[in-house]
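Dear colleague,

I am pleased to hand over the structure below for your records. A summary of the findings follows it.

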Amino acid sequence: MRCGTPEGANRGACAFALSSVESEGYTRARDARREVARRIEDRMRTDLSQKLFEHAKSRIPGGVNSPVRAFRAVGGDPRFIARASGSRLVDVDGNEYIDLLGSWGPMIVGHAHPAVVSAIADAARRGTSYGAPSPGEVRLADVVVERMPWVERVRMVSSGTEACMSALRLARAATGRSLILKFEGCYHGHSDGLLVKAGSGATTLGVPDSPGVTPAQAAETLTALYNDLGSVRALLDAHRGQVAAIIVEPVAGNMGLIPPAAGFLRGLRELADAAGSLLIFDEVITGFRVSAGGAQALYGVRPDLTTMGKILGGGLPVGAYGGRADLMERVSPAGPVYQAGTLSGNPLAMAAGLATLTLLAEPGVYELLEARGARLASGLAEAASAAGVEVTVNRVGSLMTVFFQPGPVTDYASALRSDTQGFGVFFRTMLEGGVYLPPSQFEAAMVSTALTEADVDRVVEIARSAFDAVRASR
Ligand code: KE4
């Protein structure tokens with residue numbers, strides 16, 4: 001959906017409609033906009049967040065435990081969150097926000113869902129970690145194997161980074177090959193070989209190739225262009241017989257939201273098969289989000305291995321990798337490929353994940369996520385158009401990004417053409433208006449089942465002022 005010049009809109013008809021039926025609804029919307037603008041002028045009190053941030057910087061690098069949280073790409077200082085419930089975050093100064101970050105994905109059923117909280121509390125009363133197998137790990141593994149069409153075995157770890165790192169080690173072991181192929185702008189965690197032209201915070205902060213990654217490590221990572229099968233074929237031809245695996249975000253979320261072009265994923269399957277390479281779907285974001293069975297179910301393309309995380313832990317630290325049994329049986333202690341973790345399969349994390357996936361099995365959940373996502377995306381597009389700000393809204397289900405550019409946005413290079421300054425103005429105005437977005441143009445906003453239609457409409461109202469602020473800033 002492209003905005004700025006309302007496609008198909010007939011300006012004469014719109015003018016007629018508005019003048020003849022200036023409805024009470026229009027007056028209400030105008031008053032709401034004025035109230036939001038006043039609130040934004042009033043600006044929130046952020047004294048305690050400021051104090052915490054200043055002190056945090058004396059203890060923690062940059063004052064945060066993950067870089068993109070520091071707001072460096074959007075300006076201003078981070079808000080320290082005191083509590084969250086449903087679709088709301090509340091910061092230490094008492095400011096409330098409608099949450100469209102969802103903790104970068106895990107909080108798909110909203111914050112502090114009673115079923116999740118009680119599952120964690122029950123587990124905690126039985127102890128917090130055993131360092132020995134427990135029933136919850138098996139139950140969660142059962143659910144993953146049932147839901148994800150091409151996951152026959154799964155190993156739990158504690159982060160998406162660990163999952164991707166381990167899946168690549170397994171792919172290299174299984175193929176006897178050294179090279180991996182990733183895509184510019186895709187992010188698969190911060191293990192050395194994957195911090196090459198990486199997305200997410202690496203792109204946001206301008207370090208897609210991090211210092212500390214040695215040339216030797218980087219040399220084993222080939223990078224192709226997302227949605228460009230020709231770039232993949234060229235690299236596979238140039239490195240015939242050397243590529244262990246292609247790893248891809250089946251829906252890219254870390255250069256902003258970029259859906260796979262028609263035929264792209266199936267093309268990767270065919271190219272991988274022809275090259276004798278494995279195909280790894282990094283479903284850390286998309287798993288259990290874009291459908292009950294993730295992107296592999298949504299698009300019907302078979303990966304050999306799948307990495308997961310975020311939703312799988314229901315807000316507690318969980319990652320996982322899984323896939324073909326013949327591959328996974330190579331993982332220690334079943335096979336020789338070593339991988340281990342003190343808190344892998346942690347009972348509390350398993351309980352939180354199980355409770356979350358149980359809620360996602362309820363009838364109508366994915367239809368609701370689709371409806372809320374569609375309402376939000378169209379509302380934001382209309383608000384941008386009304387303000388005369390050209391944006392491109394990319395969406396897959398409950399994942400979306402408003403790119404500040406005319407678009408189309410189909411790969412890393414086109415994503416980088418976005419007006420990140422404009423996004424910064426938008427982000428800060430939305431934050432002051434009470435909406436918490438991902439603090440980067442190169443991330444995806446996430447809708448949860450806790451987000452009501454009224455929440456969505458409120459976000460759109462605040463966005464009208466935010467887009468006005470963007471236009472005024474230019
Ligand atoms: P973690 O190690 O952060 O659990 O997962 C790494 C990872 C792997 N694969 C994909 C597709 C991912 O999106 C991620 C992590 N996502 C980022 C945000 N897009 C996490 C937020 C952050 O880095 O603070």
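**Findings: the surroundings of Thr401**

Thr401 touches Gly256, Leu257, Thr392, Val393, Asn394, Gln441, Glu443 and Ala444, leaving aside residues up to four places away in sequence. Please note that this is a predicted model.

Thr401 belongs to strand S12, which covers residues 399-403. The relative accessible area of Thr401 is 3%, and because buried means under 20%, Thr401 counts as buried. Glu443, one of the residues that Thr401 touches, also takes part in a polar contact: the side chain of Thr401 reaches the backbone oxygen of Glu443 at 2.7 Å.

**The protein as a whole**

The secondary structure consists of 17 helices and 14 strands. The protein has a radius of gyration of 23 Å, close to the 23 Å given by the globule rule for 474 residues, so the protein is as compact as a globular protein of that length. The C-alpha trace spans about 70 × 55 × 50 Å along its principal axes.

Of the 474 residues, 53% count as buried. Among contacts with a separation of 6 or more, 73% are between residues 24 or more positions apart.

With regard to the surface, the accessible area of the protein comes to about 19,600 Å², and carbon and sulfur atoms account for 54% of this. As for charge, there are 47 positive and 48 negative side chains. The centres of these two sets lie 2 Å apart.

Yours sincerely

Methods
Residues are numbered from 1 along each chain as its sequence is written. This is a predicted model: local features need pLDDT of at least 70, side-chain atom pairs count only at pLDDT 80 or more; totals for chains, interfaces and linings use all residues. Side-chain values use heavy atoms; hydrogens and water are left out. Helices (H or I, at least four residues) and strands (E, at least two) are DSSP runs, numbered from the N terminus. Buried means under 20% relative accessible area, exposed over 50%, partly exposed in between (1.4 Å probe, protein chains only). A polar contact is a pair of N or O atoms within 3.5 Å; within protein, one must be able to donate a hydrogen and the other to accept it, and residues adjacent in sequence count only if both atoms are side-chain atoms. Contact means heavy atoms within 4.5 Å. The radius of gyration is taken over C-alpha atoms; the globule rule is 2.2 Å times the number of residues to the power 0.38. Accessible areas come from the Shrake-Rupley method with a 1.4 Å probe; for residues, only the protein chains shown count as cover. Lys and Arg count as positive and Asp and Glu as negative; His and the chain ends are not counted. The place of a charge is taken as NZ of Lys, CZ of Arg, CG of Asp or CD of Glu.
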